[in-house]
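Work through the exercises below with the structure open. Each one is followed by its solution.

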Amino acid sequence: MKIVVHTDQAEQWQTALSEALPDATVLTSAAPAKERQGADYLAVWKAPGHLLAEQTALKGIINLGAGVDHLLATPERPKDVPIVKLRDAGMGELMADYVLYGVLHFYRSLDHYRLQQPDAQWQPHEVVEKSQWPVGVLGLGAIGRAVASALYQAGFPVLGWSRSPKELRDIRCLHGDAGLDELLGQVQCVVTILPDTAATRHILDAERLARLPQGASVINPGRGSLIDEAALLEALGDGSAPGHLRGALLDVFEREPLPTESPLWRHPRVIITPHMAAPTPLADAIDQVISYVHAFEANEALETVNPDEGY
Ligand code: OXD
């Protein structure tokens, strides 16, 4: 069996997979093209098209991340090869930490205190009960569910949204366009953890952002395409006074790295992080990939990506 790995940490992956699968030849994408050809599996993150085009005997492509947008948008991808992707694999907990930080930042008015500090303004803000501060989570895949559950455990009422109906304990689940409008009208903070697909592009546009209550906040650790950045800036106002929205914590952007000229960098009510909300924990991801290879080899049913849906 031959596996070709392409990721930033390809050597670590090569060592771990070689140890776990002693009968396999595990190569990194830096190996000569001749050696790479005829692989059974590609384990890849943001692979260049030629790595996909050169393969003729693939049994599966393993996407070393949760989002498959890059892979599906690579024209050289062989269309008949099943794709599996990392599901949670330790990312849910990291994402939940990130979102919890953001939710508490706005809930406990840390955004206001940051803005007061340059003027030495000693002005406490009321702490409302958490029961009066509902949070919405858009996207209820493995990571979205982990986030929703962590927010519920922290005491916030949580409304979840997905394209098709879902049922989750402790989370009020809504779906479809009407469900999205209903959620947006009720939450103090909306968190976007949807995949990047044609259906989710600018799901938070000007009209939907306007549905959020005055003073609500936005946290986006999902994909930059989910939010219309121009509409978000408009909803945040010019920064001198609160706009319709009070602030945003953003980890992902329509263009990454976020261009230096983007006004988001300098907006006083925006916190920018560089796509770091949930870096894949290596050990968990390696275990999951090994289990995928075993399942492929044993012809076991696997939860594969549906390229038409985009996740
Ligand atoms: C992912 C990511 O999709 O890190 O896993 O963006």
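Ala, Val, Leu, Ile, Met, Phe, Trp, Tyr, Cys and Pro count as nonpolar, Asp, Glu, Lys and Arg as charged, and the others, Gly among them, as polar. The model is predicted, so local features need pLDDT of at least 70 and side-chain atom pairs pLDDT 80 or more, while totals for chains, interfaces and linings use all residues. Residues are numbered from 1 along each chain as its sequence is written, and side-chain values use heavy atoms, with hydrogens and water left out.

**Exercise 1.** List the residues around the ligand and sort them by class.

Solution. Take residues with a heavy atom within 4 Å of the ligand. This gives W45, G65, A66, G67, M91, R223 and H275. By class, the shell holds three nonpolar, three polar and one charged residues.

**Exercise 2.** Find polar atoms of A66, R223 and H275 that approach ligand oxygen atoms.

Solution. Use the polar contact cut-off, a pair of N or O atoms within 3.5 Å (within protein, one must be able to donate a hydrogen and the other to accept it, and residues adjacent in sequence count only if both atoms are side-chain atoms).
- A66 places a backbone N or O atom 2.7 Å from a ligand oxygen.
- R223 has a polar side-chain atom at 2.8 Å from a ligand oxygen.
- H275 likewise has a polar side-chain atom 2.8 Å from a ligand oxygen.

Then consider area: the ligand alone exposes 210 Å², and the protein buries 84% of that (Shrake-Rupley method, 1.4 Å probe).

**Exercise 3.** Describe the interface of domain 1 and domain 2.

Solution. Start with the bounds, which come from an automatic or database domain assignment: domain 1 covers 2-88 + 280-297 and domain 2 covers 91-272. Next, count contacts (heavy atoms within 4.5 Å): 10 residues of domain 1 meet nine of domain 2. Finally, apply the salt-bridge rule (a side-chain nitrogen of Lys or Arg within 4 Å of a carboxyl oxygen of Asp or Glu). One salt bridge crosses the interface. D69 pairs with R223 in a salt bridge whose closest N and O atoms are 3.1 Å apart.

Methods
Buried area = accessible area lost by both parts, 1.4 Å probe.
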